[in-house]
Amino acid sequence: MSTKLTKALEFANYRVTINNQKAALLAKTESLLSYSINGGSFTINVELLTFCKQLLDEKQKEVVLLDIYKNPIKVDLESFYDEISSRYYEVTNEYYLEYEKLRKARKVHKVLDLNEKGE
Amino acid sequence: MKRENSRGILMFAHNNSEIDYFRLAVVNALLVQVNLGIKNITVVTDPHSLKQGEKTLGKRLIKKAINNIVIIEKDKNFKQQNLRNFKDTSHTVKTLPFYNANRCDAYDISPYDETILIDVDYLILSDTLNHCWGHNNEIMMNWKYQDIMYERKDPSLDRLYDMGITMYWATVVYFKKSDQVETFFNCVKHVRNNPQFYKDLYKWQGTLYRNDYSFSIAAHMISGFEDKGLPQLPTTLYKSFDTDDIHSAVDKNTVIMYLEMPRSPGDFILTKWSNVDLHIMNKWAINRISEEMLDYVTETTATTN
């Protein structure tokens, strides 16, 4: 096989690997952005954070929110907001760091943190 | 004083001539302890599988991993009739007995108020399942799944047959002890006991009895014959298939997988899978890395104890 073709195939393999690895990283991030309280489950996202902040600004104390199942869940707003916002910052920061590491990796073994022999 | 609800994990492990399910259960039980922080673990097995486990792993390790072993006798007729193709990647296919007849008894067997029933090959690599405890929903399981080789799609896994009901995965099931859940499991038992009737009615393909089918049918019936009537778990079900393999276990939360390319059978890419629970359908692959995994988890449990 010509060197050019070998290189092209190596690059194709690298592209597939890195795209899949990015998807795996996103799966981990989404999993960490799930939060359960008082028998309900929430996805921590910008919408939830913004809505809770708005309610806090309106001096609300205890509110009913609809969880991912559309069930009404009563929560103490201040502690709920503290928990979801700190989780959001923590998880997205970690996502950023790992994503940057992936972005800079130019070889399959570097994407996976392996040595050149694949060990 | 109100008694705190008991919570625990339940697994079924019945070996066949090639696959050591009991070994997988021990590895997974230790993963449950270190990643979920749960000590209440029940494993349902048979005398032969337990004996094999004691021989290869030792009674001490088994005791450390599992605090409640329930021993049952296998239904030999069922075992001989329920044969399935097991793959160790596309290169090796073997037809072996698949003993899954007693999973419908999970409700009766579980000693816990809240139970998470998992397959032994659903590796617990995170604490995500802790989101289930104390949930308002009495029973939850997934119909949606995500293949970790993202380009791969298999629409045949979405329904019992092309125009049939949605298929739920019995890989992970959360349930509480309640009348509704008891009725659900009675429906599952009815399907198990009358497979031909339900096969004609729901038209699942092939002759193999799968719990995914009986749980899906029970979910359909108990929801008033409504599709997708039972709520899903608050976590996504991630799967790799038996055409994939495991490269290595990196630590107690991470495995590196060989994933078969969708348009190039027999060719693989590597993926590092970390901190997210994963269903690994290639049982031989888990057995091959079980020693490494046992080292990581026993190290961690020794440090925390």
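These entries record what I looked up on the contact between chains A and B and on a sheet in chain B.

**Model.** I am working with a predicted model.

**Contact of A and B.** I began with how many residues each chain gives. Chain A puts in 21 residues and chain B puts in 24 residues. I then asked which elements of chain A touch chain B. Helix 1 (3-32), strand 1 (34-37) and strand 2 (40-43) each supply at least two residues of that side. Helix 1 of chain A has the largest share, with ten residues. Next I sorted the side of chain A that touches chain B by class. I noted eleven polar residues, eight nonpolar and two charged.

**Sheet in chain B.** I moved on to the strands of chain B. Strands 12, 13 and 14 form an open sheet in the order 12-13-14, and the pairing is antiparallel. Strand 12 and strand 14 (264-274) are the edges, since each pairs on one side only. From one strand to the next, the twist averages 20°.

**Strands 12 and 13.** I checked how this pair is joined. Strand 12 (residues 245-251) and strand 13 (residues 254-261) of chain B run antiparallel and share five bridges. The two make a hairpin, with two residues between them. I looked up one partner here: D245(B) is bridged to Y258(B) in strand 13.

**Strands 13 and 14.** I did the same for the next pair in chain B. Eight bridges link strand 13 to strand 14, again in the antiparallel sense. For E260(B), I found the bridge partner F268(B) in strand 14.

**General note.** Strands of a sheet pair through backbone hydrogen bonds, either parallel or antiparallel.

Definitions and conventions. Residues are numbered from 1 along each chain as its sequence is written. Chains are lettered from A and ligands numbered from 1 in the order in which they are written. This is a predicted model: local features need pLDDT of at least 70, side-chain atom pairs count only at pLDDT 80 or more; totals for chains, interfaces and linings use all residues. Two residues are in contact if their C-beta atoms, placed from the backbone, lie within 7 Å. Helices (H or I, at least four residues) and strands (E, at least two) are DSSP runs, numbered from the N terminus. Ala, Val, Leu, Ile, Met, Phe, Trp, Tyr, Cys and Pro count as nonpolar, Asp, Glu, Lys and Arg as charged, and the others, Gly among them, as polar. Two strands pair if DSSP finds at least two bridges between them. Axes are lines fitted to C-alpha atoms, for helices over the stretch in contact, and angles run from 0 to 180 degrees between N-to-C directions.
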